[in-house]
Amino acid sequence: METALAILVGSLFAGGLYLLLRPSAIKLVIGLALLSHAANLLLFTAGGLVRAGVPIVKDTEQPTQQIMADPLPQAMILTAIVISFAVLAFSLTMVCRAYSVTGTDNVDAITTRGK
């Protein structure tokens, strides 16, 4: 299962980097979203994939040899989701504003109009 997720993470990173290098600003935003999804999936995979018990239980309910899931990667992913959503909303706002001012979403044309 980790091999399939590693291939998926690699392809998400590759697709995100490819879209970041495109001249369209909308594709740049989609590339940012793909990179954030790839980073979240990488954190999830690095945390270990186990079918384990819940991480927080009362001591009386917990068997002595039960493997427990690590809650730290899940908490890091939740934080990363919030941060990536904020970055995505900010970048979409910037792209919309740049399009309304310049009339194009081509990144090269936007940078040359300012000169």
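Which backbone nitrogen does the side chain of Thr 104 reach? Keep that in mind as we walk through this predicted model; the tour ends there.

**Stop 1: helix 2.** Select residues 25-46, which make up helix 2. Its 22 residues reach 31 Å from first C-alpha to last, close to the 32 Å expected at 1.5 Å a residue. Now add Ser 24, which caps the N-terminal end of this helix. Look for a side-chain oxygen of Ser 24 at 3.4 Å from the backbone nitrogen of Ile 26. At the other end, click on Gly 48, just after helix 2, where phi is positive at about 95°.

Next, colour the buried residues of helix 2: Ala 25, Val 29, Gly 31, Ala 33, Leu 35, Ser 36, Ala 38, Asn 40, Leu 41 and Thr 45.

**Stop 2: helix 3.** Select residues 71-102 for helix 3. This helix has 32 residues and reaches 46 Å between its first and last C-alpha, close to the 46 Å expected at 1.5 Å a residue. Its buried residues are Pro 73, Ile 77, Ser 84, Ser 91, Val 95 and Thr 102. Just after the helix comes Gly 103, with a positive phi of about 85°.

**Stop 3: where the two helices meet.** Show helix 2 and helix 3 together. How far apart are their axes, and at what angle do the helices pack? The axes are 9 Å apart and the angle is about 175°, so the two helices are roughly antiparallel to each other.

Turn on side chains for the contact. From helix 2, select Ala 25, Ile 26, Val 29, Leu 32, Ala 33, Ser 36, Asn 40, Leu 43 and Phe 44. They meet Pro 73, Met 76, Ile 77, Ala 80, Ile 81, Ser 84, Leu 88, Ser 91, Leu 92 and Val 95 of helix 3. Colour this contact by class and you will find 15 nonpolar residues, four polar ones and no charged ones.

**Stop 4: a look at helix 1.** Select Ala 6, in helix 1 (residues 2-20). Is Ala 6 buried or partly exposed? With a relative accessible area of 47%, Ala 6 is partly exposed. Draw a distance from its C-alpha to that of Ala 46: the two atoms are separated by 9.7 Å, although the residues are 40 apart along the chain.

**Last stop: Thr 104.** Move to the loop between helix 3 and helix 4 (107-113), where Thr 104 lies. Thr 104 has a relative accessible area of 16%, so this residue is buried. And the opening question? The side chain of Thr 104 reaches the backbone nitrogen of Asn 106, at 3.2 Å.

How values were computed
Residues numbered from 1 in each chain as written. Predicted model: local features only at pLDDT ≥ 70, side-chain atom pairs only at ≥ 80, totals over all residues. Heavy atoms only, no water. Helix = DSSP H or I, 4+ residues; strand = E, 2+ residues; numbered from the N terminus. Expected span 1.5 Å × (residues − 1). Buried < 20%, exposed > 50% of the residue type's maximum accessible area, 1.4 Å probe, protein only. Polar contact = N/O pair within 3.5 Å; in protein donor to acceptor, adjacent residues only side chain to side chain. Axes fitted to C-alpha atoms, helices over the stretch in contact; angles between N-to-C directions. Parallel < 35°, antiparallel > 145°, perpendicular 65-115°, else oblique. Contact = heavy atoms within 4.5 Å. Nonpolar A, V, L, I, M, F, W, Y, C, P; charged D, E, K, R; others polar.
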